[in-house]
Amino acid sequence: MQSRVQPLEQRFHGQAVGPGVGIGPVHEAVEPELVVTHKRIAAAEVPAEIKRLDEAVSRSRHQLGKLKARLTGLPEHSQTELEPLIDAYLHMLGPSRLMSGIKRRIKDGLGNAEAAVSDEAEAQAGAILGLTGSDHAGRQRRADEVREIARRLLRNLAQQPFRNFRDVAPGSVLAAQELRPSDAALIRPNQFAGIITADGGADSHTAVMLRALGLPAVLGAAGVLAAARPGTPAIIDGDTGEIILNPSPASLDAARSKIADITRTRRRLARLQRLPAETRDHVTVELQANLELPFELPLIAQSGAHGIGLLRSEFMFMNREKLPDEDTQTQIYTEIVTAMEGEPVTIRLLDWGSDKDIEALNAYLPGAAEPNPALGLRGIRLLLHHPALLETQLAAILRAGAAGPVRIMLPMVSLCAELRETRATLDRVWRRLKHRGVPMAAQKPPLGVMIETPAAALCAPQLAAEAAFFSIGTNDLTMYTMASDRGLPAGGKLYDPLEPAVLRLLHMTAQAASDARIPVALCGELAARERVTPLLLGLGLRQLSMHGAAVPRVKKAIRALHFTECTAIAAAALAAPDAAAVREMLGM
Ligand code: PEP
Ligand code: MG
């Protein structure tokens, strides 16, 4: 009789992002097959087809620019390998033989852009491979480069979403090299047992979205993809960051009993829903929820959160070919405001740019790829460059204000002038809607700013004189203060919101808000870490906004605290030499 050999259990580690434990077969998400349509076009259609091609080129350049910017987080040998490759791609997108060949096929051959790209790339790759000489490997590499850049152009021409998760069996553990925030927006809660990626950091935007899904997720887990085959059984632990492939019966038993424990704890925490978030010595904290995707609404309602402290409006713009118009946006905001039954909803204006890649908005990006997109046109800077986008969003928010209290929040502010300019636009839109007799709230909504650049934190007193409220975005504030990318697992060493440099900025911001008597919240991922809650209270924060699932945990922590201890912890943390010392103080 033949006995089947049980494959050996293998363990991997990454950054714990979405809490909980999941068990399921691995499904690797790969890019969907590209379907290229060949069409003949009329001579009159040539300019439009060339314009489509130019837009795809500019999107491709932007994506490659971002990729290049991310290389700095990789080991040196990978950088030396990848940088010339990306430069070669960028060169091909310039005035190259490939591009002139493609344009000729459109102008003279009257082929559609997709056919022109695919046929020209194949012809050139074939010609390279047909050359004689001994360097066969070099010829193969150059042909592959031409084909690869053509694939990118084709995907951008078709504006295909990167992935499609509809056909993945429910209950699988989804594994991918990388997920973009727009990919994460396609995943439904309960669709998978867990999510693993090889790239990505714990405070990246993808991580923020995955956390919102409430799924166990581990990012930046090197080696798993190479070791797993389709269907390999896996355990993913989103609390410890551990992934086990081919788990032994003992590991499976341990995972199942951890799942049962988690369910029991969640039930116990749910009982806190109606109790106040108040320390033992009666200091009250307002807990609000962050919303990244509309399906979180029921969870937020059950969480005991008082209103939405951060509605990341980017979701409305993702995975669609056309931008949502004023009516569509109004309808989406109104549904959310209505569901919150009188609790305030803080709508953050579109924060796009940097690692938040939104296909439908690519045409608005600067023509040439920015070498450092995180330092370029993003957040409010970009909206002020495109007043039509800003006005549409402001009009929709003002109209949603008829259904309940809304507040408007500006992302990525670094100057008082940005707030002033936005206020002038808001006033103009308000007057226009009023003139047309459109229903709105009786009062203009409060206009507040996110404090997520060191410039904003350092000038908090000046900003506080003009803003109605502050909300501190520790994810970006940490990145810009520590000059370390929030999206890279390798950046993790320097990227730490508990560094005293960041804590000092939090303290200064809270102080400036208190002096000016305006509310200040903290809405970065730090707000959800209950071990850090005493420190945040001690630094002067009384409003915390976090993903819905974290609200009960943080409330439980607050109810066990004495405020006097919090002030002592904050004073010690501000004087600490580094994040490691702060962590020790907090028992982390
Ligand atoms: C932040 O930067 O902390 C924040 C809350 O905004 P986002 O994560 O969407 O950039
Ligand atoms: Mg931010």
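What radius of gyration would a compact globule with 588 residues have, and what does the protein have?

**Entry 1: the whole protein**

I began with the overall form, keeping in mind that this is a predicted model. For 588 residues a compact globule would have a radius of gyration near 25 Å, and I found 26 Å for the protein, so the value agrees with that expectation. I then looked up the box that the C-alpha atoms fill along the principal axes, which is roughly 80 × 80 × 45 Å. In my count of elements I noted 22 helices and 16 strands.

Next I turned to burial and contacts, and I wrote down that buried residues make up 54% of the 588 residues. Among contacts with a separation of 6 or more, I found that 70% are between residues 24 or more positions apart. The accessible surface comes to about 25,700 Å², and 55% of this belongs to carbon and sulfur atoms.

**Entry 2: ligand 1**

Which residues are the closest to ligand 1? I found 15 residues around the ligand, and the closest are Arg 312, Arg 348, Gly 473, Asn 475 and Arg 486. When I sorted this shell by class, I obtained three nonpolar, five polar and seven charged residues.

I then looked at the oxygen atoms of ligand 1 one contact at a time. An N or O atom in the side chain of Arg 348 is 2.9 Å from an oxygen atom of the ligand, and an N or O atom in the side chain of Asp 476 is 3.0 Å from an oxygen atom of ligand 1. At Thr 474 the partner belongs to the backbone instead, with an N or O atom lying 3.1 Å from a ligand oxygen. Taken alone, ligand 1 exposes 290 Å², and I noted that the protein buries 100% of that area.

I also asked which elements give two or more residues to this shell. They are strand E10 (308–312) and helix H17 (474–482), and H17 gives the most, with three residues.

**Entry 3: helix H17**

Since H17 gives the most to the shell, I looked up its burial residue by residue. Eight of its nine residues are buried, so I describe H17 as largely enclosed by the rest of the structure. The buried residues are Thr 474, Asn 475, Asp 476, Leu 477, Thr 478, Met 479, Tyr 480 and Met 482. Just after the helix comes Ala 483, for which I noted a positive phi, near 50 degrees.

**Entry 4: Glu 292**

Is Glu 292 buried or exposed? I located Glu 292 in the loop between strand E9 (286–291) and helix H10 (297–303), and it counts as buried because its relative accessibility is 3%, under the 20% cut-off. A polar contact of 2.5 Å joins its side chain to that of Arg 312, and Arg 312 is also among the residues closest to ligand 1. Leaving aside neighbours within four places in sequence, I found Glu 292 in contact with Val 208, Met 209, Ala 212, Arg 312 and Phe 315.

**Entry 5: Ile 518**

My last entry concerns Ile 518, which lies in the loop between helix H18 (500–516) and strand E15 (520–522). Its relative accessible area is 13%, so I count Ile 518 as buried. Apart from neighbours within four places in sequence, its contacts are Ala 464, Ala 467, Ala 468, Phe 469, Phe 470 and Ala 513. I also looked up its separation from Val 36, which is 482 residues in sequence and 56 Å in space, C-alpha to C-alpha.

Methods
Residues are numbered from 1 along each chain as its sequence is written. Chains are lettered from A and ligands numbered from 1 in the order in which they are written. Side-chain values use heavy atoms; hydrogens and water are left out. A residue is near a molecule or strand if one of its heavy atoms lies within 4 Å of it. A polar contact is a pair of N or O atoms within 3.5 Å; within protein, one must be able to donate a hydrogen and the other to accept it, and residues adjacent in sequence count only if both atoms are side-chain atoms. Accessible areas come from the Shrake-Rupley method with a 1.4 Å probe; for residues, only the protein chains shown count as cover. Helices (H or I, at least four residues) and strands (E, at least two) are DSSP runs, numbered from the N terminus. Ala, Val, Leu, Ile, Met, Phe, Trp, Tyr, Cys and Pro count as nonpolar, Asp, Glu, Lys and Arg as charged, and the others, Gly among them, as polar. The radius of gyration is taken over C-alpha atoms; the globule rule is 2.2 Å times the number of residues to the power 0.38. Buried means under 20% relative accessible area, exposed over 50%, partly exposed in between (1.4 Å probe, protein chains only). Contact means heavy atoms within 4.5 Å.
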